[in-house]
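This briefing addresses sheet topology, helix placement and local backbone features. Please consult the sequence and coordinates alongside the notes that follow.

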Amino acid sequence: MLGDLETQLVDLLKGSELGLRLKVVDSLPDTPDSDLVKRWGLDAPAAYVVAADGTLSQAIATPQFVVVLVARNARGHQAARRGDGKTVGLYQMLDAAIAELHGGQTADASWQVTRYQFLHDSQFRDQGLQIALLQIQADTDPPQKDAVNLGEFLEFHSDFDISPLATAEDRERWVNEDHAAPAPDLQSHINPQEGI
């Protein structure tokens, strides 16, 4: 459900008037914090979609997503916020995203914008970035048991830091966080189709 909804939201934004004015519309990249600010600076103006906490109530799922809007302009912070006629500004991006997403329809959901928030962090300001978060949600059917496809369970691999049959001394060593051996003490690799 969440993967499909995220893809649908990215596609909805890409196909919008706003999407035509952005360099990047994608899922939020999974990069380390130190690299994220640099990447956002290179990609701006950009929009990223990421799932947030949702709720379930009886027969209704309410998934929530956050759209991260990133603007940057070499002319300074005013142009990054308001635009300069050549590059879209954060306020314009926010207005267009709200207009597109509030009441927006995708294959599996009808979306409502519930909140927006500006990020005022020195690490973003130092890079000339203006950033806003847009929270959206939809009421939809929760995943059904027969519709979930996890694929075949092909193999199980586990590393134990201490053998289940270890002596009391070995267990005490582990409790005291003495991990003298760099490799796992025991490995288990099971292919369920072949048995144990």
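**Helix and sheet arrangement**

Helix α1, formed by residues 2-14, lies across β1, β2, β3, β4, β5 (109-119) and β6 (129-138), and runs at about 40° to β3. The model is a predicted one. The strands belong to an open sheet of six, with mixed pairing.

**Sheet topology**

- The strand order in the sheet is β1-β2-β3-β6-β5-β4.
- β1 (24-27) and β4 (105-106) occupy the edges and each have a single partner strand, so one side of each is left without a neighbour in the sheet.
- β1 and β2 are paired in the parallel sense, over four bridges.
- Within this part of the sheet, Val25 stands opposite Ala47 in β2.
- In general, strands of a sheet pair through backbone hydrogen bonds, in either a parallel or an antiparallel sense.

**Cis peptide bond before β2**

- The peptide bond that joins Ala44 and Pro45 is cis, with omega about 0°.
- Pro45 is placed in the loop between α3 (33-43) and β2 (46-57).

**Positive phi after β2**

- Gln58 has a positive phi of about 55°, although this residue is not a glycine.
- The position of Gln58 is in the loop between β2 and β3 (60-72).
- Is Gln58 buried or exposed? Gln58 has a relative accessible area of 84%; residues over 50% count as exposed, and Gln58 is therefore exposed.

How values were computed. Residues are numbered from 1 along each chain as its sequence is written. This is a predicted model: local features need pLDDT of at least 70, side-chain atom pairs count only at pLDDT 80 or more; totals for chains, interfaces and linings use all residues. Side-chain values use heavy atoms; hydrogens and water are left out. Helices (H or I, at least four residues) and strands (E, at least two) are DSSP runs, numbered from the N terminus. Buried means under 20% relative accessible area, exposed over 50%, partly exposed in between (1.4 Å probe, protein chains only). Two strands pair if DSSP finds at least two bridges between them. Contact means heavy atoms within 4.5 Å. Axes are lines fitted to C-alpha atoms, for helices over the stretch in contact, and angles run from 0 to 180 degrees between N-to-C directions.
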